[in-house]
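Colleague: I'd like to practise reading charges on a model. Can you walk me through it, feature by feature?

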Amino acid sequence: MRKLLLISILLLGITSIYGQTPNHYYVIIETKEGNCRLKLYNETKKHRDNFVKLVKEGYFDSLLFHRVIHNFMIQGGDPDSRYAGSRQKLGEGGPEYRIPAEIQSEIIHKKGAIGAARDNNPAKESSASQFYLVQGRVFSQAALDSLEQFRLKGVKLSPYQRQTYSTIGGTPHLDGNYTVFGELLQGLAIVDSIAKVKTDERDRPLTDVRFSMKLLNRREALNYERELNGLPPKQGFLTRLFDSFKSRTYKLP
């Protein structure tokens with residue numbers, strides 16, 4: 001009996017080591033300029049889960065960044081862009097449903113943030129598929145003072161916003177108006193590169209800029225999180241053995 005108990009404890013310990021669930025979902029955005037790596041926030045669960053669902057379905061594969069504005073953002077996710085003609089107007093496609101706003105004051109439009117596009121609906125509900133990656137710019141303290149006075153009509157930026165926008169940069173005037181639901185952990189230079197392309201009068205690139213997306217599976221996500229913490233990936237025999245008994249996908253609460 002004692003032997004069985006010890007074996008059970010050992011198996012539970014091994015399972016806890018090799019059977020973890022990642023802390024976040026991670027998405028690879030593939031472009032001709034290179035790949036970006038995106039972390040989705042757990043704090044914006046509705047947007048997170050909807051985005052994961054669409055990525056798994058291949059919804060974004062071979063779509064265009066159809067709206068690009070230098071020092072502002074690059075926007076994609078319109079399914080009409082997959083087979084669009086060179087002069088076709090884009091930006092109105094997507095699923096029929098919207099995502100309820102999940103705007104949070106501490107989640108801001110810093111450079112590399114991913115936000116959900118939307119129309120002018122009063123509830124600030126998000127498009128189910130269209131998104132933008134923030135490029136923005138770095139602001140001086142004087143420029144932030146001016147932004148508060150004129151663009152924000154006297155609304156004061158928090159110390160965190162001031163610190164972020166004067167170092168990393170971004171688009172502070174979007175805060176409080178659009179849901180930010182993740183950030184790039186790799187690939188900021190790719191956003192800069194795409195943001196420089198020549199565009200037409202509708203801000204559509206003259207040369208198509210396509211992208212596709214892939215969700216990291218459980219082991220890939222776990223190893224990426226180890227990498228972020230300065231640890232080597234787990235890929236030995238025991239890891240492969242226990243992974244063979246677990247699903248490659250995972251679900252976060």
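Modeller: Let's start with a helix. Lys 56 sits in helix H2, which covers residues 45-57. Keep in mind that this is a predicted model.

Colleague: Which positive surface patch does Lys 56 help to form?

Modeller: For a patch, like charges are joined within 9 Å, and the residues must have no salt bridge. Here Lys 56 groups with Lys 45, Lys 46 and Lys 251.

Colleague: And across the protein chain, how far apart are the mean positions of the positive and negative charges?

Modeller: Lys and Arg count as positive, Asp and Glu as negative. The chain has 38 positive and 27 negative charges, and their mean positions lie 6 Å apart.

Colleague: Now the pairs. How many salt bridges does the structure hold?

Modeller: You look for a Lys or Arg side-chain nitrogen within 4 Å of a carboxyl oxygen of Asp or Glu. This model has 17 of them. Take Arg 98 and Asp 119, whose closest N and O atoms are 2.7 Å apart.

Colleague: Which parts does that pair tie together?

Modeller: Arg 98 belongs to strand E5 (residues 98-99), while Asp 119 is in the loop between strand E6 (113-116) and strand E7 (126-127), so the bridge connects parts 21 residues apart in sequence.

Colleague: Are those two side chains buried, exposed or partly exposed?

Modeller: Anything between 20% and 50% relative accessible area is partly exposed. Arg 98 comes out at 40%, so it's partly exposed, and Asp 119 gets the same label at 38%.

Colleague: What about the salt bridge between Lys 111 and Asp 192: where do its partners lie?

Modeller: Their side chains meet at 3.0 Å, N to O. Lys 111 is in the loop between E5 and E6 and Asp 192 in helix H5 (residues 188-195), so this pair links distant parts of the chain, 81 residues apart. Asp 192 is partly exposed, with 21% relative accessible area.

Colleague: How far apart are the closest N and O atoms of Glu 220 and Lys 214?

Modeller: They are 3.9 Å apart, and the pair forms a salt bridge. Glu 220 is partly exposed at 31%, as is Lys 214 at 38%.

Colleague: Which residues do salt bridges with shared partners join into one network?

Modeller: Asp 145, Glu 148, Lys 156 and Arg 162.

Colleague: Last one, the overall fold. How many helices and strands are there?

Modeller: Seven helices and 10 strands. Of the 253 residues, 45% are buried. Among contacts between residues at least 6 apart in sequence, 73% join residues at least 24 apart.

How values were computed. Residues numbered from 1 in each chain as written. Predicted model: local features only at pLDDT ≥ 70, side-chain atom pairs only at ≥ 80, totals over all residues. Heavy atoms only, no water. Helix = DSSP H or I, 4+ residues; strand = E, 2+ residues; numbered from the N terminus. Buried < 20%, exposed > 50% of the residue type's maximum accessible area, 1.4 Å probe, protein only. Contact = heavy atoms within 4.5 Å. Charge placed at Lys NZ, Arg CZ, Asp CG, Glu CD. Patch = residues over 30% accessible without salt bridge, like charges linked within 9 Å, V, L, I, M, F, W, Y side chains within 5 Å. Areas by Shrake-Rupley, 256 points an atom, 1.4 Å probe, with all protein chains shown as cover.
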